[in-house]
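This report is for a reader who has not seen the structure before. It takes up one residue, then some ring interactions and a record annotation.

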Amino acid sequence: MMLFWIIPFLLLQDTEAFLIKNARFKLCLQASPTHRDLLLENCNPESDFQDWSWQGDSLVNHGTQSCLSVSGADTVQTSLCASTGYTSWDCSNSLLSPLGTSQNYLVANRKGVALSDVTGPKAQWQDAAERSVCEEKDAKGGHTRDFPLALTSPQVYEHTAGNATLPLGMDQEQLEELLWFFRREDPSTWNYSVLALSLATLILGLTLLTINVVRNRKRKIMSREAVQTPLQAELDTKEALIPVQGYSPAKPQKQEPVPQDQRAGEVVVQWKDGTTTSLYTDRSEEAI
């Protein structure tokens, strides 16, 4: 929102144009578009060649982008603003006089303008509202001085004349908003806050990294244990079924030989005294 006030002011503060009208002839000073001569023509606010503006102590024509200057003793024309000629003017009581030369004034005549020591209406110059062109210069200088001062001052700037009107019609509240927009604070608090936030972020990152490493190690250990558990269970089952001490694959148990006189299917009983007898005696089929 503030930029909508600042940008137009910056664009217009150096381009405020006005007409230079002679108080006697009521004609306006016009720069020639083809040569450096100056003419007095009927006032036309739409013509860029009749638009002038103060740039410091120089009067710049908007149509030719050249400055009002003095050439020779009393010849007035337009020339490049960067030239070595007399392009600076003093303005007092509607009278324009070149700085650095004799005390002559810009005077209107039938041929155009020239320098003379006359101070009557022919030497007095006004704008379209019939105000002195010196007021345009004062207003120009006042605006360019007051606005930067108002932006850099912690308090609302008051004009020496007691006028509270600000550039572009801004009131004190809008100026305070501009001051808030352009104010400069100590950035130490912000820098310390960013530093503390950076340290907290670093600590949090290291903590999360440590937690992730520990979890990965636990996950690997658990996966190894999960692979070893079935094998161990199988070995435990085998040990439970076959005792290690009683089982010896290299030494098979010896079986006692069957007596030669014992027949297959016969039940033999060995008594305590060592005698062996058959539990059942076969009978011959004839006896049966």
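Apart from neighbours within four places in sequence, Asn22 is in contact with Leu27, Ala108, Pro121, Lys122, Ala123, Gln124 and Trp125. The model is predicted, and the values below are computed from it.

Asn22 belongs to strand β1, which covers residues 21–22. Its relative accessibility is 0%, so Asn22 counts as buried, the cut-off being under 20%. The side chain of Asn22 also has polar partners in the backbone. It reaches the backbone nitrogen of Arg24 at 2.9 Å. In addition, a polar atom of the Asn22 side chain lies 2.6 Å from the backbone oxygen of Lys122, and Lys122 is among the residues listed above as contacts of Asn22.

Arg24 appears again in the next topic, charges over rings. Arg24 lies over the face of Phe25, and Lys137 lies over the face of Trp54. The table gives the distances.

| Charged residue | Ring | Distance from ring centre |
|---|---|---|
| Arg24 | Phe25 | 5.4 Å |
| Lys137 | Trp54 | 4.9 Å |

As for rings paired with one another, the structure holds 0 aromatic pairs.

The last topic comes from a record. An unreviewed UniProt entry annotates residues 190–214 as "transmembrane region". In the model, this span is 100% helix and 0% strand. The C-alpha atoms at the two ends of residues 190–214 lie 37 Å apart.

Notes: Residues are numbered from 1 along each chain as its sequence is written. This is a predicted model: local features need pLDDT of at least 70, side-chain atom pairs count only at pLDDT 80 or more; totals for chains, interfaces and linings use all residues. Side-chain values use heavy atoms; hydrogens and water are left out. Rings of Phe, Tyr and Trp (its six-membered ring) pair if their centres lie within 6.5 Å; planes under 30 degrees apart count as stacked, over 60 as edge-to-face and the rest as tilted. A charge sits over a ring if NZ of Lys or CZ of Arg is within 6 Å of the ring centre and within 35 degrees of the ring normal. Helices (H or I, at least four residues) and strands (E, at least two) are DSSP runs, numbered from the N terminus. Buried means under 20% relative accessible area, exposed over 50%, partly exposed in between (1.4 Å probe, protein chains only). A polar contact is a pair of N or O atoms within 3.5 Å; within protein, one must be able to donate a hydrogen and the other to accept it, and residues adjacent in sequence count only if both atoms are side-chain atoms. Contact means heavy atoms within 4.5 Å. UniProt positions are given in the numbering used here, feature names are shortened, and annotations may be inferred rather than shown by experiment.
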